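Dear colleague,

I am passing on the structure we spoke about, and below it you will find my notes on what turned up when I went through it. Please read them with the structure open beside you.

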Amino acid sequence: MTAISGPKADGNSLKAANVGRETVIIGLEVHCQLNTASKLFCGCSTGYRDDPPNTHVCPTCLGLPGSLPAMNRRAVEYALRVAKALNCQVAEEAEFARKNYFYPDLPKGFQITMYNRPLAERGYLDIEGDEGEKRVRITRVHLEEDPGRLVHMGTPDRPRYTLVDYNRSGIPLIEIVTEPDLRSPKEARRLLNGLRTTLEYLGVFDGDQEGALRVDANISIPGSERVEVKNISSYRGVEKALTFEITRQKGVIRRGLKVKRETRHFVEARGVTTSARSKEQEHDYRYFTEPDLRPLQVRDWVEEIALPELPAARRERFMDQYGISPEHARTLCGELRLADFFEQMAECGAPLLAATWVADTLQGELNYREMEIRKVPPAHFRELLGLVDRKELTDKAAVEVLRLMLDQCVAGEDVQTPARIMEINALGKTTGDAFTGVVREVIAECADAVRDYRAGRGEALNFLVGQVMKRTRGCADPKELTRILREELAQQGS
Ligand SMILES: [Zn+2]
């Protein structure tokens, strides 16, 4: 580490004056676990999460002397899919290197990664930026092995120790590095969402798995040193860590001090970053070509890879094919399962109704319950849409049916059909005679409002409609109700 030079008063006060208006510069390094069946360099299974520690291991992923890596072809193919989808230039030949460092989660003493010759470079991903559509440049995409996992035990007042689990050691990781093109925590989160969606559409990533995504963020305020925040492991964490870090750095500058170039850790539970260690220089890792693996010939290979429909294309198609709004298309295509669910619903007719109900109503109810779309029974939801479409349920009563249905899903109960829920809770639309009685009741009881109505005050009718709605618990169609009220008032008035 170089010594910190003495404060330059002029420079600092100038900077401090500008802090409020300064932009921030953010670049991300995103690590995603590829969902291959076996590890990157051995045949051990990657489905370890429900199993005891150190049960998915072999001499290779334990780094025992004499063991040799064997390349997992599927992992390279998955990585190439990602490179192609991110519009990267794929290398003629990619080469693995050893990144040397000593750490308990890395029994070999080095990590096999790509350094001088990565798989692909110079791509981009378009996101919705703070000021409209934005192209974020991708610096590089490469493959590497995941280290093991350290579990820190104990509390400050009890002896602390660390356990190590090598089940994760050797899981294929793809590292995606962006240029410092992001200007706010929100943009960083949108980029992550975009990457996640793209990788899920490609079928190479399961973003719901714990620890499947880890992010390092580089962040600086123009004119100041860059700080790296390590090991952020959730989508929400990225926005929180960056927001904290921006506030911290601006505070340092405002006090006339200098932001130190360093690595910091994000402590998710407290929502803060803490100083970790002075940043290693690249030469500390003593990279050299991995002698046990041949270079990968990938340029021709990538030509053969056919990509599935990606989020942007699907958005366009949804608008063309189903006539839905750009906002709905964006929401629906922002998550693979949501898009699939909508399409299942839309195929049964009434796509506009399906778009509103899936993108707005259902999404809102799911978020409220922190529930996943895959837990919603499609046949039930389709039936609910049918009831609304045929006007057997009012919108308001249908939301009530949906809520009861989702509550049953959450409770793990047998989920009743919407028709059954409607029947049990008497939520079906009341029509004709059934609410003529209620209308007469309301007219009889609300003499003032009736008088106002006859005196030509239109809002009195709304009041009467409201009263009837209340008594029928939202089961009446407001339009039909208004018509009946008018008729009834006309009859009684004559
Ligand atoms: Zn193994």
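To begin with a single cysteine, Cys446 counts as buried because its relative accessible area is 11%, and the limit for that class is under 20%. Please keep in mind throughout that this is a predicted model, and that the values below were computed from it.

Cys44 falls into the buried class for the corresponding reason, because its relative accessible area is 12%. Cys44 also belongs to the metal site, where the zinc ion is coordinated by the SG atoms of Cys42, Cys44, Cys58 and Cys61 at 2.3 to 2.4 Å. The angles among the four donor atoms run from 103 to 113 degrees, and the site is classed as tetrahedral; for reference, the ideal angle for four tetrahedral donors is 109.5 degrees. Along the chain, the donors of the zinc ion are spaced as C-x1-C-x13-C-x2-C. Within that pattern, Cys42 and Cys61 lie 19 residues apart, both in the loop between strand E1 (25-33) and helix H2 (73-85), and the pair links distant parts of the chain. Both Cys42 and Cys61 are buried.

With so many cysteines mentioned, you may ask how many disulfides a search of the whole structure finds. The search returns zero disulfides.

Turning to the overall layout, the chain is divided into domain 1 (11-304), domain 2 (311-424) and domain 3 (432-493). The centres of domain 1 and domain 3, taken over C-alpha atoms, are separated by 64 Å.

There is also an open sheet of three strands, arranged in the order E5-E4-E15 with antiparallel pairing. Its edge strands are E5 (110-114) and E15 (288-289), each of which pairs on one side only. Strand E4 (residues 96-100) is joined to E5 by five bridges, with the two running antiparallel, and Ala97 stands opposite Thr113 in E5.

Finally, helix H15 (residues 459-471) allows a simple check of its length: at 1.5 Å a residue, its 13 residues should span 18 Å, and the C-alpha atoms at its ends are 19 Å apart, which agrees. The expected figure is 18 Å because the rise is multiplied by one less than the number of residues. As for which residues of H15 are buried, these are Ala460, Leu461, Leu464, Val465, Gln467, Val468 and Met469.

With best wishes

Key:
Residues numbered from 1 in each chain as written. Predicted model: local features only at pLDDT ≥ 70, side-chain atom pairs only at ≥ 80, totals over all residues. Heavy atoms only, no water. Donors = N, O, S within 2.8 Å, 3.2 Å for Na, K, Ca; no water. Tetrahedral: all angles 85-135°; square planar, octahedral: opposite > 155°, others 65-115°. Helix = DSSP H or I, 4+ residues; strand = E, 2+ residues; numbered from the N terminus. Buried < 20%, exposed > 50% of the residue type's maximum accessible area, 1.4 Å probe, protein only. Domains from an automatic or database assignment. Disulfide = S-S within 2.5 Å. Pairing = 2+ DSSP bridges.
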